[in-house]
Structure formats: C-alpha cells, structure tokens
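This report walks through side-chain contacts and a pocket. Start with the model itself.

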Amino acid sequence: MLKRFLFALALFTPNWGAAAVACDDKVQKVCIETVQSGNSVTFYAENRFPLLPVTVNIDLTLNNLTRPPAGSTPFVLQGQDRVLLFKLSQRQARAWSYRYTFTWSRGDITARHDDRYTYRLPFAPGQAFPVGQSCNGNFTHTGLHRFAVDFDMPVGTPIHAAREGIVVDVKDDSRTGGAGQQYQDYGNYVIIQHADRTLAQYFHLKQGGAQVRLGDRVRAGALIGLSGNTGQSTGPHLHFDVVRGTATVKSETVPFRFSTDRGPVRCPSRGTTLRAR
C-alpha cells in the first residue's frame with residue numbers, strides 16, 4: 001500500500017509572493033503549495049494522478065497565526081485537482097511561524113460502501129483457488145487493512161473484475177517482489193472505482209500484466225489483468241480488497257462479500273478453496 005509522510009517548516013517575516021511546493025517523497029503525485037502574501041499564507045493541494053481520488057490530511061503547528069474553521073481537514077481531491085484549502089492570517093503585529101505535516105491515502109474518505117452488493121470472485125467462472133490469507137491475517141491483513149483476501153494462484157492467471165466500474169489507476173512496470181516491507185511500493189496493480197466511490201484493488205500482478213487502461217469502463221467479470229508475485233509478497237497470489245480514503249497514510253478496507261458456487265461468503269477462512277460461478 002502507498003504510504004507517504006512529509007514535513008515542512010516555515011519561519012516568515014512579510015515577503016510578498018513567496019511560494020513553496022512540497023510533494024510526496026516517492027511518486028511525486030500529491031503536493032502541498034504554500035503561498036505567502038504579506039502576513040498571510042495560503043495553502044493549496046494538488047493531486048497529479050490523472051483519475052485516482054485521494055484524501056489529504058494536514059496537521060499544523062501555528063505561532064501567531066489563525067486558521068479559519070472552514071480549513072479543517074481532511075480534504076478529498078479528485079484526479080488532476082488543484083484546490084485552495086485555506087488561508088492562515090497573522091493574529092497580532094509581531095513575528096509568526098508555522099509547521100505542517102501532511103499525509104495522503106488512496107480513495108475518498110466520504111465514500112460509503114453499498115453493503116447490498118455481492119462481488120464476483122476475481123477469476124474466471126469455474127476456476128477455483130485457495131485462500132492464502134483472509135481478514136485479520138497476521139502477515140499484512142491487520143488494522144485498516146484487515147478486510148482483504150489473498151488467493152494463491154500461479155503467475156499469469158487471468159484476473160477478472162469483481163464489480164463494474166472505472167479504471168482509475170494502473171501499475172504494471174515492476175518485476176520486483178519479496179516478503180519484506182521494502183517491497184511494498186513495487187507491487188503492480190489495477191484499481192477500479194465503483195458507483196459508491198469505493199475502490200477495488202487488485203495487487204501483485206505480473207510485469208506487463210494489466211489488460212486495461214486508465215479510464216476504461218469495465219463490467220463485472222471483464223478480464224483486467226494477469227496475476228503475479230510483485231511487491232510485498234511471499235509467493236504468487238492475488239490480493240483483493242475494497243477501500244476508501246482515510247486521514248492517515250493508509251486507506252481503509254471495508255467489509256464485502258463474494259458470490260461463490262456455495263452461496264455468499266464474507267471473510268473466507270484461510271485454506272478454503274473458492275470456486276467462481
């Protein structure tokens with residue numbers, strides 16, 4: 001999962017038009033711009049992802065500055081948004097300063113999952129694969145990541161959309177993987193946004209394995225990728241979850257249910273083999 005944390009410090013005397021931009025440390029896709037004009041500082045946020053919505057949270061430490069009530073965080077930015085967030089204003093005629101940190105996560109924090117929806121299994125009808133890790137798995141499915149399911153499967157297995165939606169992010173240029181956390185950012189994936197604004201994430205695809213492009217509208221059951229073993233992974237498998245944004249560096253997984261040949265299933269037990277209808 002993407003994790004980003006940035007820190008900035010500013011100590012100012014009046015300086016008309018001074019601007020500074022701080023972006024996330026690796027992918028450089030979410031940025032905060034501060035523009036000083038006299039004794040005030042305006043904050044802007046920019047989402048450089050073409051389609052992926054993100055949730056941005058800013059923590060401030062202020063000295064002799066005020067923040068308007070409307071400037072409370074977190075903020076949701078759609079793809080390619082640049083938004084004026086708030087303006088800090090000097091309180092008294094003396095020196096002022098501020099510090100800020102910001103975090104961002106994939107998805108919209110205001111999304112509300114449609115719990116009536118039953119998801120297809122993310123592979124072809126008639127195919128069956130064992131669950132390698134399920135909800136609350138002690139390897140990586142903990143905390144905000146607890147509602148997720150891993151299916152053990154050979155590299156190159158066709159992956160099909162569990163729910164209809166729009167492809168909002170794709171990565172398939174990596175060939176690197178391993179069990180350690182240092183491999184987290186190397187996982188290939190396809191991310192699809194649903195009508196309720198939640199995101200389905202299909203992770204660990206093979207290099208060159210994406211079968212869709214940004215902006216594609218896909219139906220449930222459509223071929224979207226080929227499984228692999230990239231990113232933080234102990235063996236070939238598909239990681240599937242449904243998420244919304246949070247005010248932290250992690251998206252929040254939400255509960256969901258699969259349609260199987262034996263009826264609807266939530267959080268299948270590890271070792272259980274599920275067959276797609």
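The model is predicted. Arg262 and Asp261 form a salt bridge in it, with their closest N and O atoms 3.9 Å apart. The cut-off for such a bridge is 4 Å. Arg262 has a relative accessibility of 60% and counts as exposed, because the exposed class begins over 50%. Asp261, at 44%, counts as partly exposed.

**Salt bridges**

How many salt bridges does a search of the whole structure find? The search returns eight. Three are listed here, including the one just described.

| Acidic residue | Basic residue | N to O distance |
|---|---|---|
| Asp261 | Arg262 | 3.9 Å |
| Glu252 | Arg244 | 3.0 Å |
| Asp196 | Arg163 | 3.2 Å |

Where do Asp196 and Arg163 lie? Asp196 is in the loop between β16 and β17. Arg163 is in the loop between β13 (158-160) and β14 (165-171). The pair therefore ties together parts that are 33 residues apart in sequence. Asp196 and Arg163 are both buried.

**Charges over rings**

Arg163 has a further contact. Its charged end sits over the ring of Tyr117, 4.4 Å from the ring centre. Arg106 is placed likewise over Tyr189: its charged end sits 4.9 Å from the centre of that ring.

**Aromatic pairs**

Two numbers describe a pair of aromatic rings: the distance of the centres and the angle of the planes. Across the whole structure, 17 aromatic pairs are found.

Is the pair of Phe43 and Phe86 stacked or edge-to-face? The ring centres are 4.8 Å apart and the planes meet at 25°, so the pair is stacked. The cut-off for stacking is an angle under 30 degrees. Phe43 belongs to strand β4 (residues 40-47) and Phe86 to strand β8 (residues 82-90). Their contact therefore ties together parts that are 43 residues apart in sequence. Phe43 is buried, at a relative accessible area of 0%. Phe86 is buried too, at 2% relative accessibility.

Tyr189 and Phe203 make a tilted aromatic pair. Their centres are 5.2 Å apart, with 45° between the planes. Tyr189 sits in strand β16 (residues 188-193) and Phe203 in strand β17. The pair links distant parts of the chain, 14 residues apart. Tyr189 has 8% relative accessibility and counts as buried. Phe203 also counts as buried, at 6%.

Which residues form one aromatic cluster? The members are Tyr117, Tyr119, Phe123, Phe129, Phe151, Tyr202, Phe240, Phe256 and Phe258. Tyr117, one of the cluster residues, is the ring under the charged end of Arg163.

**The largest pocket**

The largest pocket has a volume of about 570 Å³. Its lining has 27 residues, and the closest to the pocket centre are Gln133, Phe139, Thr140, His141 and Asp150.

Which strands each supply at least two residues of the lining? They are β11 (128-133), β12 (148-152), β17 (199-210) and β21 (237-244). Strand β17 also holds Phe203 of the tilted pair.

By class, the lining has 19 polar, five charged and three nonpolar residues. Among the residues closest to the centre, Phe139 belongs to the nonpolar class and Asp150 to the charged class.

How values were computed. Residues numbered from 1 in each chain as written. Predicted model: local features only at pLDDT ≥ 70, side-chain atom pairs only at ≥ 80, totals over all residues. Heavy atoms only, no water. 1 Å grid on protein atoms, 1.4 Å probe; cavity = no way out; pocket = protein on both sides within 12 Å on 5 of 7 lines; lining within 4 Å. Points joined across faces, edges and corners; volume = space filled by probe spheres on them. Helix = DSSP H or I, 4+ residues; strand = E, 2+ residues; numbered from the N terminus. Phe/Tyr/Trp six-rings, centres within 6.5 Å; stacked < 30°, edge-to-face > 60°. Buried < 20%, exposed > 50% of the residue type's maximum accessible area, 1.4 Å probe, protein only. Lys NZ or Arg CZ within 6 Å of the ring centre and 35° of its normal. Salt bridge = Lys/Arg side-chain N within 4 Å of Asp/Glu carboxyl O.
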